[in-house]
Amino acid sequence: QGTFTQGIEFNNDGRVFYEIAGVEDKIFQSFLATPFDIASARLEKSINAQDSNPQGIAFNPDGTRLYESGRGEVKIYQSSLSTPFDIGSATFQKSINAQDSRPRSIAFSNDGTRLYEVGSIGGKIYQSNLSTPFDIGSATFFQSINSQDSFPQGIAFNADGTRLYE
């Protein structure tokens, strides 16, 4: 839906697809008639992103929190969703400064005690520990590693967290 889509995400059953668009500064939510098949997408709604140049998007497992990373304000944002996985029910909660001056993608450990941020300027993956699971306000920077690429864009883990993909 966006002119320059920066990040994508699905809900748990693959029936809803999300795009975060840097040019429009919006998040788009589409219904998928066939789970995980973006060719079957029908736009449902869009909301304004928190940042003026949004880059990454993530949800907590039950869909009650939405996270965005942005390089306009160089922050990571957290919003609560009163209806799980429905961006139209989002209420902004808080933001924290990103570790890199050009944050791209974000991800969480399965238990929500670790936040990972991909930084394209530093060429690094940053890890922060969260004392309260899935609450970015409780983040404390822990470590960073060099990316395999000089301009990393995204990050993902396998189901049990033993493999990192960038």
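User: In the hairpin of strand 10 and strand 11, which residue takes a positive phi, and how many residues stand between the strands?
Analyst: Gly123 does, with phi near 65 degrees, and there are four residues between the two strands. A strand here is a DSSP run of E with at least two residues, and strands are numbered from the N terminus. This is a predicted model, in which local features need pLDDT of at least 70, side-chain atom pairs count only at pLDDT 80 or more, and totals for chains, interfaces and linings use all residues. Residues are numbered from 1 along each chain as its sequence is written, and side-chain values use heavy atoms, with hydrogens and water left out.

User: How many bridges join strand 10 to strand 11, and in which sense do they run?
Analyst: Two strands count as paired if DSSP finds at least two bridges between them. Strand 10 (residues 114-119) and strand 11 (residues 124-130) are antiparallel and joined by six bridges. Within this pair, Leu115 has Ser128 as its bridge partner, and Val118 stands opposite Ile125.

User: What does strand 10 have on its other side, toward strand 9?
Analyst: Strand 9 pairs with strand 10 over four bridges, again in the antiparallel sense. Ile106 and Glu117 are bridge partners there. Five residues lie between strand 9 and strand 10 in their hairpin, and Gly112 in the turn has a positive phi of about 75 degrees.

User: Is strand 10 mostly covered or mostly open?
Analyst: The term buried means under 20% relative accessible area, exposed means over 50%, and partly exposed is in between, with a 1.4 Å probe and protein chains only. Strand 10 is mostly covered, with five of its six residues buried.

User: What is the strand order of the sheet that holds strands 9 to 12?
Analyst: The order is 9-10-11-12, in an open sheet of four strands with antiparallel pairing. Strand 9 and strand 12 (139-146) are at the edges with a single partner strand each, so one side of each has no neighbour in the sheet. On average, neighbouring strands of this sheet are turned by 25 degrees against each other, direction ignored. For such angles, axes are lines fitted to C-alpha atoms, and angles run from 0 to 180 degrees between N-to-C directions.

User: What is the strand order in the sheet that holds strand 1 and strand 4?
Analyst: That is an open sheet of four strands in the order 1-2-3-4, also with antiparallel pairing. Its edges are strand 1 and strand 4 (41-48), each with a single partner strand, so each has one side without a neighbour in the sheet. The twist from one strand to the next averages 20 degrees. Strand 1 pairs with strand 2 (residues 16-21) over five bridges, and Ile8 has Glu19 as its bridge partner.

User: Where is Ser30, and which residues does it touch?
Analyst: Ser30 belongs to strand 3 (residues 26-32). Contact means heavy atoms within 4.5 Å. Not counting residues up to four places away in sequence, Ser30 touches Gln1, Arg15, Val16, Phe17, Ala41, Arg42, Leu43 and Glu44. Ser30 is buried, at a relative accessible area of 1%.

User: Why is strand 7 largely enclosed by the rest of the structure?
Analyst: Strand 7 (residues 75-81) is largely enclosed because five of its seven residues are buried. Six antiparallel bridges pair it with strand 6 (residues 65-70), and seven join it to strand 8 (residues 90-97), also antiparallel. Tyr67 has Gln78 of strand 7 as its bridge partner, while Ile76 has Ile96 of strand 8.

User: How should I read a positive phi outside glycine?
Analyst: Most residues other than glycine have a negative phi. In this model Val74, in the hairpin of strand 6 and strand 7, takes a positive phi near 60 degrees. Phe36 has phi near 65 degrees and sits in the loop between strand 3 and strand 4. Phe85 has a positive phi of about 60 degrees, lies in the loop between strand 7 and strand 8, and is buried with a relative accessible area of 12%.

User: What volume does the largest pocket have, and which residues lie nearest its centre?
Analyst: On a 1 Å grid over the protein atoms alone, a pocket is an open set of points where a 1.4 Å probe fits, with protein on both sides within 12 Å along at least five of seven lines; lining residues have an atom within 4 Å of a point. The volume, meaning the space filled by probe spheres set on the points, is about 820 Å³ for the largest pocket. Its lining has 34 residues, with Glu9, Ala58, Phe59, Ala107 and Phe108 nearest the centre. Strand 1 (5-10), strand 5 (54-59), strand 9 (103-108) and strand 13 (156-157) each give two or more residues to this lining.
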